[in-house]
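This report introduces a single structure to a reader who has not met it before. It proceeds from individual residues to the wider arrangement.

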Amino acid sequence: MDVFSRYAPFVREFVLREKWRDLRAVQVAAGEAIFGTDDHVLLCASTASGKTEAAFFPVLTLLSERPPAGVGCLYVAPLKALINDQFARLGALCEEGGLAATHWHGDVSAGEKRRLLRSPSGVLQITPESLEAMLLRRHGEILRLFGDLRFVVIDEIHSFLRGDRGEQTLCLLDRLARLAGCEPRRIALSATIGNPEM
């Protein structure tokens, strides 16, 4: 079965509605890796190459086929602006698949955050700093929120490879997995990784 045929119907409908003639190479490779293995995945491709869709089309397909009992995918990005942009791009697609999409940072309303806390599900988009605050302030709720976390998508991974912020982010993700008792697959995205093997 090819990658396009493996996508959930709502994802295939999105691709057809957008009038894409073919999937891009990174989308085919990502689909094969995410559907066909249990490995962590690093997606390296140029800017505007479709990396976000390459990661999320298979992830959303898998989450729609077996809905999580909490947040199923955590999307970590270095900037609030990037989260807002991706939230606008992915929110409608998630909704079409019956999945919730929530973004969480200092500019997000308390009401949206309360909705996630009341009924955790789908995709949560967050900065490392907001994840750290959540781990500190919502410590007792981490298992309920993330006990069925299956994927962590890290956007702009190259920005986390330099300095303390990257080490902090890795520590936060390890701490989250330990507190929630889960081992999510990591899918990292970058347009500027100098040496992918390293």
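## Serine 130 and histidine 105

Serine 130 has a relative accessible area of 12% and is therefore buried, since the limit for that class is under 20%. The model described here is a predicted one. Serine 130 belongs to helix H7, which spans residues 128–137. When neighbours within four places in sequence are left aside, serine 130 is in contact with Trp104, His105 and Gly106. With respect to alanine 69, which is 61 residues apart from serine 130 along the chain, the separation of the C-alpha atoms is 22 Å.

Histidine 105, one of these contacts of serine 130, is located in the loop between E3 and H6. Its relative accessible area is 2%, so histidine 105 is buried. Residues up to four places away in sequence not being counted, histidine 105 touches Lys80, Ile83, Asn84, Lys113 and Ser130.

## The open sheet

How are the strands of the sheet ordered? Six strands make up an open sheet, and their order is E1-E6-E5-E2-E4-E3, with parallel pairing. Strand E1 (41–44) and strand E3 (101–104) are the edge strands, each of them pairing on one side only. On average, and with direction ignored, neighbouring strands of this sheet are turned by 15° against each other. Strands of a sheet pair through backbone hydrogen bonds, in either a parallel or an antiparallel manner.

Several of the pairings can be followed in detail. Between E3 and strand E4 (residues 122–126) there are four bridges in the parallel sense, and histidine 103 has glutamine 125 in E4 as its bridge partner. E2 and E5 are likewise paired in the parallel sense over four bridges, with tyrosine 75 opposite valine 153 in E5. E5 is also joined to E6 by four bridges, and these two strands run parallel; here valine 152 has arginine 186 in E6 as its bridge partner.

## Coverage of the sheet

In a regular strand, side chains alternate between the two faces of the sheet. Both faces of E5 are covered. Phe151 and Val153 lie on one side, Val152 and Ile154 lie on the other, and all of these residues are buried.

Which helices pack on the sheet? Helix H4 does so, touching E1, E2, E4, strand E5 (151–154) and strand E6 (185–190), and its direction makes about 160° with that of E6. Helix H6 (residues 110–118) also packs on the sheet; it touches E2, E3 and E4, and its direction makes about 125° with that of E3.

## Aromatic pairs

A pair of aromatic rings is described by the distance between the centres and the angle between the planes. With ring centres required to lie within 6.5 Å, the count comes to seven aromatic pairs. Tyrosine 7 and phenylalanine 57 form one that is edge-to-face, at 5.4 Å centre to centre and with 80° between the planes. This pair links distant parts of the chain, 50 residues apart: tyrosine 7 is in the loop between helix H1 (3–6) and helix H2 (9–17), whereas phenylalanine 57 is in helix H4 (residues 51–65). Both tyrosine 7 and phenylalanine 57 are buried.

Phenylalanine 56 and tyrosine 75 form a tilted pair, because their planes are at 45°; their ring centres are 5.9 Å apart. This pair, too, links distant parts of the chain, with phenylalanine 56 in helix H4 and tyrosine 75 in strand E2 (residues 71–76), 19 residues apart. Phenylalanine 56 has 0% relative accessibility and so counts as buried. Tyrosine 75 is also buried, with a relative accessible area of 0%. Elsewhere, ring pairs link Phe4, Tyr7, Phe14, Trp20, Phe35 and Phe57 into a cluster.

## The second largest pocket

What lines the second largest pocket? Its lining consists of 21 residues, of which Ala48, Ser49, Gly50, Lys51 and Arg89 lie nearest the centre of the pocket. The space in the second largest pocket is about 360 Å³.

At least two residues of the lining of the second largest pocket are supplied by each of H4, helix H5 (80–96) and E6. H5 provides the largest share of this lining, namely four residues.

Definitions and conventions
Residues are numbered from 1 along each chain as its sequence is written. This is a predicted model: local features need pLDDT of at least 70, side-chain atom pairs count only at pLDDT 80 or more; totals for chains, interfaces and linings use all residues. Side-chain values use heavy atoms; hydrogens and water are left out. Rings of Phe, Tyr and Trp (its six-membered ring) pair if their centres lie within 6.5 Å; planes under 30 degrees apart count as stacked, over 60 as edge-to-face and the rest as tilted. Buried means under 20% relative accessible area, exposed over 50%, partly exposed in between (1.4 Å probe, protein chains only). Two strands pair if DSSP finds at least two bridges between them. Axes are lines fitted to C-alpha atoms, for helices over the stretch in contact, and angles run from 0 to 180 degrees between N-to-C directions. Contact means heavy atoms within 4.5 Å. On a 1 Å grid over the protein atoms alone, a cavity is a set of points where a 1.4 Å probe fits but cannot get out, and a pocket is an open set with protein on both sides within 12 Å along at least five of seven lines; lining residues have an atom within 4 Å of a point. Grid points are joined across faces, edges and corners, and a volume is the space filled by probe spheres set on the points.
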